[in-house]
Amino acid sequence: MPGRLLSLVRPAPASSPPLDQLKGHKKHSDTPLFPPVYSVERPSQKNKSQESLVMEAFKRHGLGGRQNSFKKSPKTSPKAEPQPAAVLNMLVESPPLVFFNSPQTSTGAIISGLLNIEVHEPNVTLEHMEMRLLAIVTTKKPVHQHCSDCTSQTTEIHKWEFLRGAVQLHFGQHSFPFSHLVPGHLPATTHGQITALDYYLDAVATLSNGKKLEYKRALDIKRSIVPGPDKHSIRIFPPTNLTASVKLPPVVHPIGDFGVEMRLSGVTQTKDDSQSRWRLRKLNWRIEETQKSISPACPKHANKVGGEGKGILHDDTRTIASEEVKTGWKTDFTEGNIDCEFRARCNIAHNPLCDMDSQSGMSVRHNLVIEMVVAEEWAPLKKLNQATPTGAARVLRTQFHLVLTERSGMGISWDEEQPPLYEDVPASPPTYIGDYDGPPLHDEHDELHLGP
């Protein structure tokens, strides 16, 4: 089902006279009923000074015939729109929708609020009122450019039916509560370069006269991965003996920087009378974002992709941050190690997306790419300080997967919101019968109320 833009319908109140009656009244009367005609005659100029009269003469001369034509078309008041019989609105009471941890382990987030209908007339009869939670996927590269079914697909996640029969509402505001636990396996809201995923609350109320009141609200669903231990990765660069050991944080965020620690070992190779070693000359890093999406075909254009249930795979890779590290590493040829540490961050100007993976084929992943240029040197064992470049150089390139996720913010996990289960309820408080050795409590109470 394609996504469609819903607009607010403003029905005319029942007390307003029909347009035919207004037109008939205007025909039988010399003075128009609506809109009124205002006078455009100039005020008297008896009390004006001579200077103001000269300035007005210049203005009339400059305007020329425009003033005459302006006088022929009198001003009219703006058209007033009729007040609708009722208006739908919504109040969301739950915290921001944030899924915690991966889709396989997330319990989801709860949404709760009030769907309000404000009645402007004495009485309004509602025949039916419902609301749906929709997920709309919009493809920027559809199979057919001018087909709405190929461009967007709509999925209904949940449906609320507030009224199933006719109900009469009086003047004022009426509230209908709603709540739902949004499943945690759903992907977060994503606006990518080739595909966009949005969530909406779509409410529709049908009046007794057949008119509909509609309300649409966008939901911003995010995912936050709880940080864990640091990740350690090792990369080997054959045919050399160089080995890179990198320490990365478990998760990174679109805003803020993170530290990267790297040790390059095996840079020194000692022979009988000489030593060959690698010296780090240049280091670059960049963060690449890879987006993948499948554009499905509607039944009318399924023959373009080979039948129904098939689509076209699109992928897009872009660089969201890059920098050259010129200094900051330490070289120890005695141990044969080069230690390097730098700070990396995403460029917020590129609007980086968070990692996501959907069963529909939409995914977003990030990689940290590190490139190093090393040059070989030769030095005798007796004079290690007198190194001579051999002219050999290599480019070492490696990449590491980054988990880019949102911060938790004000979101609350459903695990912390849900009430305790039956097996989680602790034992009852201990009884105090038999533990009190003093006189009975009722005798002490009587003694306190005895008079002198």
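Contact here means heavy atoms within 4.5 Å. The model is predicted: local features need pLDDT of at least 70 and side-chain atom pairs pLDDT 80 or more, whereas totals for chains, interfaces and linings use all residues. Residues are numbered from 1 along each chain as its sequence is written, and side-chain values use heavy atoms, with hydrogens and water left out.

**Exercise 1. Describe the protein chain as a whole.**

Step 1. Consider contacts between residues at least 6 apart in sequence: 73% of them join residues at least 24 apart.

Step 2. Count the elements, which are DSSP runs numbered from the N terminus (helices: H or I, at least four residues; strands: E, at least two). The protein chain has 6 helices and 20 strands.

Step 3. Turn to burial, where buried means under 20% relative accessible area, exposed over 50% and partly exposed in between (1.4 Å probe, protein chains only). Of the 452 residues, 36% are buried.

**Exercise 2. Determine which residues and strands build the largest nonpolar core.**

Step 1. A nonpolar core is a set of buried Ala, Val, Leu, Ile, Met, Phe, Trp, Tyr and Cys residues joined through side-chain atoms within 4.5 Å. The largest has 39 residues, and those with the most contacts inside it are Leu-126, Met-129, Phe-162, Phe-178 and Leu-201.

Step 2. At least two residues of this core come from each of strand 1 (86–92), strand 3, strand 4, strand 5 (167–182), strand 7 and strand 8 (212–219). Strand 3 gives the most, with 11 residues.

Step 3. Take Leu-201 and leave aside its neighbours within four places in sequence: its contacts include Met-90, Ile-111, Trp-160, Phe-178 and Tyr-215.

Step 4. Another core, of 34 residues, lies apart from this one; Leu-280, Leu-283, Ala-344 and Leu-404 are among its residues.

**Exercise 3. Characterise the second largest cavity.**

Step 1. On a 1 Å grid over the protein atoms alone, a cavity is a set of points where a 1.4 Å probe fits but cannot get out, and lining residues have an atom within 4 Å of a point. Grid points are joined across faces, edges and corners, and a volume is the space filled by probe spheres set on the points.

Step 2. The whole structure holds 2 cavities of 30 Å³ or more, and the second largest has a volume of about 40 Å³.

Step 3. Its lining includes Thr-190, Gln-291, Lys-292, Ser-293 and Val-364. Strand 14 gives the most to this lining, with 3 residues.

**Exercise 4. Place Glu-376 in the fold.**

Step 1. Glu-376 belongs to strand 19 and is partly exposed, with a relative accessible area of 22%.

Step 2. Ser-276 is 100 residues away from Glu-376 along the chain, yet their C-alpha atoms are separated by 7.0 Å.

Step 3. Beyond neighbours within four places in sequence, Glu-376 is in contact with Ser-276, Arg-277, Trp-278, Pro-389, Thr-390, Gly-391 and Ala-392.

**Exercise 5. Identify the backbone features that depart from the general rule.**

Step 1. Most residues other than glycine have a negative phi, and most peptide bonds are trans.

Step 2. Pro-238 and Pro-239 are joined by a cis peptide bond, with omega about 5°; Pro-239 lies in the loop between strand 10 (231–237) and strand 11 (242–248).

Step 3. Asn-101, which is not a glycine, has a positive phi of about 70°. Asn-101 sits in the loop between strand 2 (98–100) and strand 3 and is partly exposed at 28%.

Step 4. Asn-351 has a positive phi of about 50°. Its loop runs between strand 17 (337–345) and strand 18, and Asn-351 counts as exposed at 57% relative accessibility.

Notes: On a 1 Å grid over the protein atoms alone, a cavity is a set of points where a 1.4 Å probe fits but cannot get out, and a pocket is an open set with protein on both sides within 12 Å along at least five of seven lines; lining residues have an atom within 4 Å of a point.
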